[in-house]
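Subject: Structure for your review

Dear colleague,

I am handing over the structure below, together with an account of what was found in it. Please read the notes with the coordinates open beside you.

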Amino acid sequence: MSECNRTMEDVKTLLQSTDRPRIDPRESRKLYNVWAGTYDQDFTLMNYKAPQLAVEFISEHFSGNPEDALVLDVACGSGWVARRMAELGFKSFEGVDGSRAMLDQAAKTGLYKDLRLALLGPEALPARTGVFDVVVIVGALNAGYVHVSVVRELCGAAKPGGLVCMVRSDHGGINIEYKADLDRELQRMEEEGLWTPVGIKLLDRYMEDPYAEEICVSGTAYLFKKSID
Ligand SMILES: C[S@@+](CC[C@H](N)C(=O)[O-])C[C@H]1O[C@@H](n2cnc3c(N)ncnc32)[C@H](O)[C@@H]1O
């Protein structure tokens, strides 16, 4: 079957075949290096709403001029988040991803001033600290993808008063433990005075469920404001 003739059922089968407990992010790098060419098409078929939901959440709370804002898109993939933000007037993007092939797709958008390859967790976030008006990560805070410890680096990259938006899916047994770890780390960082929560949203239509018909995977969107020292 030609890739461009794939149906939602084909993509669901593909997603199920990749759904195993990946505990090493190098596995996810391999997966996305293969997937990059058809990622947008496949996730469009799956009614993937996460980038749009992230951008709506940011724009509800962003008070500056989008044209002047510097945005760090972490695990940027093919650039879907930046494409949605650009529609709202955001213009300056830097991106980081662990997959070279996904970065090549992101480069084609022409939106990023800088794109860096880094497997976060094993490698440090290759971004300046304390300068970004918005730091966003969508679809990568899951087991075997971006380790919970990286959340501190996201906060570090934001400027004082900047927003950090994190959107993730909540499905999968192994991710229950990940989410508990994540929630503990977010709480710890709040107690340390690094940031304050702006809001948390439960997303009931993150994307189609690969295992069921007419049911959506749910997700969570977190928005924090970095403290002003
Ligand atoms: C589901 S895609 C999301 C991409 C994009 N944010 C979006 O919403 O379309 C997950 C992305 O996370 C990247 N990724 C996964 N684990 C990573 C890691 N440890 N470090 C950097 N990127 C990672 C993958 O390469 C992939 O591009």
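The lining of the second largest pocket is made up of 10 nonpolar, 4 polar and 2 charged residues. Please keep in mind, here and throughout, that this is a predicted model. The pocket itself, the second largest, holds about 270 Å³ of space, and of the 16 residues that line it, those nearest its centre are I23, A143, G144, H147 and Y178. Among the contributors to this lining, helix α8, which spans residues 174-191, gives the most, namely 4 residues.

Turning to the aromatic residues, a search of the whole structure finds 13 aromatic pairs. One of them joins W35 and F43, whose ring centres lie 5.3 Å apart with the planes at 55°, and the pair is therefore classed as tilted, since that angle falls between the limits of 30 degrees for stacked and 60 for edge-to-face. Both W35 and F43 are buried, and both belong to a single aromatic cluster that also takes in Y32, Y39, Y48, W80, Y145 and Y206.

Y206 comes up again in the surroundings of S169, a residue of strand β5, which runs over residues 158-169. Leaving aside residues up to four places away in sequence, S169 touches N142, Y206, V217, S218 and G219. Is S169 buried or exposed? Its relative accessibility is 7%, and because buried means under 20%, S169 counts as buried.

Two helices may also be worth your attention for the placing of their buried residues. In helix α1, made of residues 8-18, the buried residues include V11, K12, L15 and T18; these cover an arc of only 125° around the axis, which means that they sit on the same side of α1. The elements against which the buried residues of α1 pack are α2 (25-35), α3 (39-45) and β6 (195-208). W35 and F43, the tilted pair described above, thus fall within the residue ranges given for α2 and α3.

In helix α7, which covers residues 150-157, the buried residues are V150, V151, L154, C155 and A157. Their arc around the axis is only 160°, so they too are placed on the same side of their helix, α7.

With best regards

Methods: Residues are numbered from 1 along each chain as its sequence is written. This is a predicted model: local features need pLDDT of at least 70, side-chain atom pairs count only at pLDDT 80 or more; totals for chains, interfaces and linings use all residues. Side-chain values use heavy atoms; hydrogens and water are left out. Helices (H or I, at least four residues) and strands (E, at least two) are DSSP runs, numbered from the N terminus. Buried means under 20% relative accessible area, exposed over 50%, partly exposed in between (1.4 Å probe, protein chains only). Contact means heavy atoms within 4.5 Å. Rings of Phe, Tyr and Trp (its six-membered ring) pair if their centres lie within 6.5 Å; planes under 30 degrees apart count as stacked, over 60 as edge-to-face and the rest as tilted. On a 1 Å grid over the protein atoms alone, a cavity is a set of points where a 1.4 Å probe fits but cannot get out, and a pocket is an open set with protein on both sides within 12 Å along at least five of seven lines; lining residues have an atom within 4 Å of a point. Grid points are joined across faces, edges and corners, and a volume is the space filled by probe spheres set on the points. Ala, Val, Leu, Ile, Met, Phe, Trp, Tyr, Cys and Pro count as nonpolar, Asp, Glu, Lys and Arg as charged, and the others, Gly among them, as polar. The arc is that of the directions from the helix axis to the C-beta atoms.
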